[in-house]
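Me: Please take a close look at the salt bridges of this model, and then at the nonpolar packing beside them. I would like the cut-offs stated as you go.

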Amino acid sequence: MVKNIRTPLTEEKVKDLKCGDSILLSGTIYTARDAAHKRLIELLDKGEELPINIKDEIIYYVGPTPAKEGQVIGSAGPTTSYRMDAYSPKLLDLGLKGMIGKGLRNDEVVESIKKNNAVYFGAIGGAAALIGKSIVSSEIILYEDLGAEAIRRLEVKDFPIIVVIDSEGNNLYVEGREDYKSTLK
C-alpha cells in the first residue's frame with residue numbers, strides 16, 4: 001500500500017509511518033548536503049539561529065544537476081546519507097522530522113531519530129531523472145556559492161520514497177536482510 005503524505009511532517013504523521021512503507025510525498029522540502037550542513041552546524045556552535053526554520057521539515061540530501069531548458073531541475077538523485085551523520089542529531093533536536101537520502105545511518109542518528117520522533121526515508125539511487133519529474137519548483141534560498149550543494153526549497157508532488165528507519169528505530173536495512181535470510185531456510 002502506498003501512503004500519500006503532505007508536508008509539514010508533524011509528529012502525528014511521523015507516528016503513522018512504519019519501516020517499509022511506500023510514500024508519495026507532496027509539499028515543501030529542503031535540500032542540503034555536507035557543505036551546507038557544516039555551515040548550519042557552525043552557526044549553531046556559535047550560538048546563532050539557523051537562517052531557516054526546520055521544525056517539522058524534511059531535508060533531502062541531493063545535489064541536483066542543472067535544469068535543461070523547459071525543466072524545473074535536472075536529475076535529482078539522493079546522496080549517500082552517512083556523510084550527514086555528524087550533523088543530523090543536532091538538527092533533529094531542533095525539530096527536523098525527516099531526512100531523505102540513500103544508505104545506512106550510524107547508531108547515533110538512529111537513536112536521535114527515535115528520541116525526536118523523526119523518520120529517515122530512502123530515495124532510489126539511479127532514478128534521478130524520474131525523481132526530478134516529481135519536483136514542481138526549485139529555488140535556491142541559502143549558500144548559492146555552494147553551487148549544486150546550495151540549500152534549495154523544493155515543491156514536490158508525488159515524490160516516491162520509502163520509510164527506511166521509522167520513529168521506533170525499525171530499520172529496513174536490518175529487517176530486510178533478516179526477512180531475506182528467512183526465505184533461504
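Reply: What follows goes through the salt bridges one pair at a time and then turns to the nonpolar cores.

The model is predicted, so local features need pLDDT of at least 70 and side-chain atom pairs count only at pLDDT 80 or more, while totals for chains, interfaces and linings use all residues. Residues are numbered from 1 along each chain as its sequence is written, and side-chain values use heavy atoms, with hydrogens and water left out.

The structure holds 15 salt bridges, a salt bridge being a side-chain nitrogen of Lys or Arg within 4 Å of a carboxyl oxygen of Asp or Glu. One of them joins Asp-34 to Arg-83, with the closest N and O atoms 2.8 Å apart. This pair links distant parts of the chain, since Asp-34 sits in helix α2 (residues 34–45) and Arg-83 in the loop between β3 (58–60) and α3 (88–93), 49 residues apart. Helices (H or I, at least four residues) and strands (E, at least two) are DSSP runs, numbered from the N terminus. Asp-34 is partly exposed at 21% relative accessibility, and Arg-83 is likewise partly exposed at 31%; on this scale buried means under 20% relative accessible area, exposed over 50%, and partly exposed in between (1.4 Å probe, protein chains only). Both residues also belong to a network of salt bridges that links Arg-33, Asp-34, Arg-83 and Glu-149.

Within helix α2, Lys-38 and Glu-42 are four residues apart, which means that about one helical turn separates them, and their side chains meet in a salt bridge of 3.0 Å, N to O. Lys-38 is partly exposed at 43%, as is Glu-42 at 33%.

Arg-153 and Glu-139 form a further salt bridge, at 2.9 Å from N to O. Because Arg-153 lies in strand β7 (residues 151–165) and Glu-139 in strand β6 (residues 135–142), the pair ties together parts that are 14 residues apart in sequence.

As for the packing, the largest nonpolar core has 27 residues, of which Leu-91, Leu-96, Met-99, Ile-113, Tyr-143 and Ile-151 touch the most other members. A nonpolar core is a set of buried Ala, Val, Leu, Ile, Met, Phe, Trp, Tyr and Cys residues joined through side-chain atoms within 4.5 Å. Its largest share, four residues, comes from α2. Not counting residues up to four places away in sequence, Leu-91 touches His-37, Ile-41, Leu-44, Leu-50, Ile-54, Ile-59 and Leu-96, where contact means heavy atoms within 4.5 Å.
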